Amino acid sequence: MDNKKFRKHAHELVDWMADYFEEVEDYPVKPDVLPGDISAKLPEKAPQKPESFEVQFDDFKNQILPGITHWQSPNFMGYFPANTSYPSVLAEMLTATLGAQCMSWLTSPAATELEEQVMEWLRKAIALPKPFTGVIQGTASTSTLCALLMARERITNFEVNESGFPNDETFTVYCSSETHSSIEKDVKIAGFGRQNLRNIPVDEEYAMNPEALEEAIRNDLENGLQPTAVVATVGTTGSTAMDPVKAIGEICAKYDVFLHVDAAYAGTALLLPEMRWMNEGIEHADSFVFNPHKWMFTNFDCSAFYVQDEALLVRTFEIMPEYLKTPEDEQVKNYRDWGIPLGRRFRALKLWFVMRSYGIEGLQEKIRVHIQFGQQLKEKIETHDHFELLAPVPLNTICFRFHPNYIDDEKKLNELNEQLLHQIQESGKIFLTHTKLDGKYTIRIVLGNTNLEQRHVDAAWKLIKKTASSLIS
Ligand SMILES: *Cc1c(COP(=O)(O)O)cnc(C)c1O
C-alpha cells in the first residue's frame, strides 16, 4: 500500500466508521455464531502474495463483523460498558499514526508531559487529594498488581526485589468475598500465594465488613503472619457495592497495612460532587485505580492509577540498563519505571481529547443521566409484583430477578432466571449478563453506554417483562 492508497482507504474507513456509529443499535448485539464458525471461514495460512485492501475490507464486513459483539450499541447493557466516543476514536487514529513508544521522557517528551497533565486534570476532577499522583496503565488488573507489588516491597524493605521471598515468612492480603477476580490473579502473580488471600465476609449490602477485616488481620498477626495489603472495592463488579473506605482505611492505618482502592467502574461517578461520599476516607489509601475505559467514554485501554508515594512506586519498578539512560533522567518522569511493561502506547492523547470535547460539565451531565436511568428503572423493578431487586442500586447497575409471587423454590427461581437471561440474549435485541448474589441467580442490567437514551431503557424493560411473561404462560 502506498501513501495515495492509504489516503483513499482511510477516507473510506472513516465513512464506514461514521455509518457504523449511526447504525450500531440496529445490529444484533450478540452475534448469532457457534464456536468455530468464524475460524472455519479463515484460510489456514497467511497469503504468499499481497492482497488488495478491497478484498480485505470485504472480508472484514462479511467474515469478521458477523462475529462481533457490539459493545458500542446502546442496547449493550451487560458486564460493565467499555465505552468509546467520537473524540476518543479520533485520538486513537492519531496515536496509531504516530506509533510513538512512551517509555521515557526522551522517547516522546510531549507524551510524558501530557500524561502528567491529564492525570492531574483527572485527579482534580474526581477530587482525589494531593499527594496522589497518577499514571496510565493498561487495565485495572495491572494497576492492582502494581499496588500489590508496592505493598510487597514496602513491607520487606525491597528485599523481595533483591533476594526473593524469605523462607520463613508469610504475607497475607485481604479483600471482600465480592472482590473482582483480578485480585486473586494478582495475588498469585505477586507471589503471595492464593492461600494467603483472605476473603472477608460482606454485609447484607455486599460491602466488606470492617470488623471481620480487623479480626482477620489480628488473627494473622497472632499466628506470626505479615498482613501486607487490603484491597477495598468502590463499586463491586457483581452489584456495585461500596466497601467502607474510611473504616477500612482506619484499620489499615492502625496495623500499618497497605490499602489499595479498586474503583474500576464506579470511579467515573466521582466526577459528580454528590457521589464523592463513595471515596470518603480515601486519604488513608496508598493507591487508587479507576478505568476511564469503562464508563468515561475513552477507548480501552486507559486505566488511571494513582499512588500517594511516588518514590515507593518508582523504587519498586525501576531498572536502569545502560541503553535506557538519558541526560534528562534527573529532571523528568520516565513512565517505564511506573509499571510493568517497558513499551507504552500514547494513551494520554485520547483522555485529553475526551476531557476537552465534553468538558467536565459535559461528562458530569452524561454520568448524571445514566445514574437517573438506573434509579428510575430500579423503582420500576422494585415496585413490580413479579420482579425482585437483589441488591442496593447506588449507581446505574441493577441486580434483579424475575420472581412470580407463586414460586418460592430457590432452585426453580434460579432456573427460571437463567432461562430468562438466555432468551433475552438470544433475541439479540439487548445484551445483559448475570452474577450470583447470596446463591441467587441474578440478572444485571447496566445503564451506562455512551449513546444510551431513555427510549433504549424503556425498550429494554419492555422486552424483559415480555420475555418473562412468555416463560410462565
Ligand atoms: C472491571 C473491573 C476490574 C478489571 O478491569 P480491567 O481493566 O479489565 O482489568 C477490576 N475491578 C473491578 C471492580 C472491575 O469492575
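Trainee: What makes Asp-262 and the ligand a polar contact?

Mentor: In this predicted model, a polar side-chain atom of Asp-262 lies 2.6 Å from a nitrogen atom of the ligand. The cut-off for a pair of N or O atoms is 3.5 Å. The value of 2.6 Å is within 3.5 Å, so the pair counts.

Trainee: Which distances put Ala-140 and Thr-237 in polar contact with the ligand?

Mentor: Ala-140 uses its backbone. A polar backbone atom of Ala-140 is 2.8 Å from an oxygen atom of the ligand. Thr-237 uses its side chain: an N or O atom there is 3.0 Å from an oxygen atom of the ligand. Both values are within 3.5 Å, so both pairs count.

Trainee: How much of the ligand does the protein cover?

Mentor: On its own, the ligand has 390 Å² of accessible area. The protein covers 88% of that.

Trainee: Which elements give two or more residues to the shell around the ligand?

Mentor: Helix H5 (140-155) and helix H10 (292-295) do. In total, 14 residues surround the ligand. Among the closest are Ser-141, Asn-291 and Lys-294.

Trainee: How do the shell residues divide into nonpolar, polar and charged?

Mentor: Three are nonpolar, nine are polar and two are charged.

Trainee: Now the sheets. Why are strand E1 and strand E3 said to stand at the edges?

Mentor: Start with the order. Seven strands form an open sheet, E1-E7-E6-E5-E4-E2-E3, with mixed pairing. Strand E1 (133-137) and strand E3 (197-200) each have a single partner strand, so one side of each has no neighbour in the sheet.

Trainee: What makes E1 and E7 a pair?

Mentor: Pairing needs at least two bridges. Five bridges join E1 to strand E7 (residues 303-307), so they pair, and they run antiparallel. For instance, Gly-134 has Tyr-306 in E7 as its bridge partner.

Trainee: Which strands does helix H4 lie across?

Mentor: Helix H4 (residues 109-125) lies across E1, strand E6 (287-290) and E7. The helix runs at about 80° to E7.

Trainee: What is the strand order in the sheet of four strands?

Mentor: The order is E8-E9-E11-E10, in an open sheet with antiparallel pairing. Strand E8 (387-389) and strand E10 (433-437) are its edge strands, as each pairs on one side only.

Trainee: How do you know that E10 and E11 pair?

Mentor: Count the bridges again. Five join E10 to strand E11 (residues 440-446). At least two are needed, so the strands pair. One bridge links Thr-433 to Arg-444 in E11.

Terms used:
Residues are numbered from 1 along each chain as its sequence is written. This is a predicted model: local features need pLDDT of at least 70, side-chain atom pairs count only at pLDDT 80 or more; totals for chains, interfaces and linings use all residues. Side-chain values use heavy atoms; hydrogens and water are left out. A residue is near a molecule or strand if one of its heavy atoms lies within 4 Å of it. A polar contact is a pair of N or O atoms within 3.5 Å; within protein, one must be able to donate a hydrogen and the other to accept it, and residues adjacent in sequence count only if both atoms are side-chain atoms. Accessible areas come from the Shrake-Rupley method with a 1.4 Å probe; for residues, only the protein chains shown count as cover. Ala, Val, Leu, Ile, Met, Phe, Trp, Tyr, Cys and Pro count as nonpolar, Asp, Glu, Lys and Arg as charged, and the others, Gly among them, as polar. Contact means heavy atoms within 4.5 Å. Axes are lines fitted to C-alpha atoms, for helices over the stretch in contact, and angles run from 0 to 180 degrees between N-to-C directions.
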